[in-house]
Amino acid sequence: MEMGVYSVKDNKTGNMRVPFYSPDDIQAKRSFYQAIKDPQSQLSVFINDFELWKFGTYDEATGDFTLGKPEFIINAKSMKETVDNENT
């Protein structure tokens with residue numbers, strides 16, 4: 001199975017967090033949103049500072065990474081506003 005390789009960027013520090021893997025963008029966004037909704041998370045406290053990025057794919061069967069130019073997915077504030085609006 002091919003998994004996407006994602007990371008959260010902290011715009012204040014300019015650093016990327018440790019990458020994580022997800023089957024697709026939708027599930028990566030869910031994980032990102034879950035972190036945003038956690039009141040103990042830095043993503044929740046500093047919501048204007050974080051973005052979700054995709055770096056490529058990882059093939060679980062072969063162990064191969066296919067990395068390309070980083071692709072912006074969504075920022076934390078927009079993610080929260082989008083989901084909150086859908087739930088109202």
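Student: Which pattern does the protein follow, read along the sequence?
Tutor: This is a predicted model, where local features need pLDDT of at least 70, side-chain atom pairs count only at pLDDT 80 or more, and totals for chains, interfaces and linings use all residues. Its helices (H or I, at least four residues) and strands (E, at least two) are DSSP runs, numbered from the N terminus. There are three helices and five strands. Put in sequence order, they give β-β-β-α-α-β-β-α.

Student: What is the radius of gyration of the protein, and why does it count as compact?
Tutor: The radius is taken over C-alpha atoms, and the globule rule is 2.2 Å times the number of residues to the power 0.38. For 88 residues that rule gives 12 Å, and the protein comes close to it, so it is as compact as a globular protein of that length. Its radius of gyration is 13 Å.

Student: What share of contacts between residues at least 6 apart in sequence join residues at least 24 apart?
Tutor: A contact means heavy atoms within 4.5 Å. Lysine 9 has a good example list: leaving aside residues up to four places away in sequence, it touches Gly14, Asn15, Met16, Asp49, Phe50, Glu51 and Trp53. Over the protein, the share you're asking for is 51%.

Student: Is lysine 9 buried, partly exposed or exposed?
Tutor: Residues are numbered from 1 along each chain as its sequence is written, while side-chain values use heavy atoms, with hydrogens and water left out. Lysine 9 sits in strand β1, which covers residues 2–10. Buried means under 20% relative accessible area, exposed over 50%, and partly exposed is in between (1.4 Å probe, protein chains only). With 23% relative accessibility, lysine 9 is partly exposed.

Student: How many Å apart in space are lysine 9 and phenylalanine 72, C-alpha to C-alpha?
Tutor: Along the sequence, 63 residues separate lysine 9 from phenylalanine 72. In space, their C-alpha atoms are 9.7 Å apart.

Student: Tyrosine 6 and phenylalanine 20 form an aromatic pair, but is it stacked, tilted or edge-to-face?
Tutor: The structure holds five aromatic pairs. Rings of Phe, Tyr and Trp (its six-membered ring) pair if their centres lie within 6.5 Å; planes under 30 degrees apart are stacked, over 60 edge-to-face, and the rest tilted. For tyrosine 6 and phenylalanine 20, the centres are 5.7 Å apart and the planes 25 degrees apart, which makes the pair stacked.

Student: Which strands do tyrosine 6 and phenylalanine 20 lie in?
Tutor: Tyrosine 6 is buried at 0% relative accessible area, while phenylalanine 20 is partly exposed at 23%. They are 14 residues apart in sequence, so the pair ties together separate parts of the chain. Tyrosine 6 is in strand β1, and phenylalanine 20 is in strand β3.

Student: How many residues apart in sequence are the parts that tyrosine 21 and phenylalanine 65 tie together?
Tutor: These two form a tilted aromatic pair, 6.4 Å centre to centre with 45 degrees between the planes. Tyrosine 21 lies in strand β3 and phenylalanine 65 in strand β5 (residues 65–75). Tyrosine 21 is partly exposed at 43%, and phenylalanine 65 is partly exposed at 44%. The parts they tie together are separated in sequence by 44 residues.

Student: What distance separates the C-alpha atoms of glycine 68 and phenylalanine 20?
Tutor: Glycine 68 is also found in strand β5, and at 47% relative accessibility it counts as partly exposed. Along the chain, glycine 68 and phenylalanine 20 are 48 residues apart. Their C-alpha atoms are separated by 16 Å.
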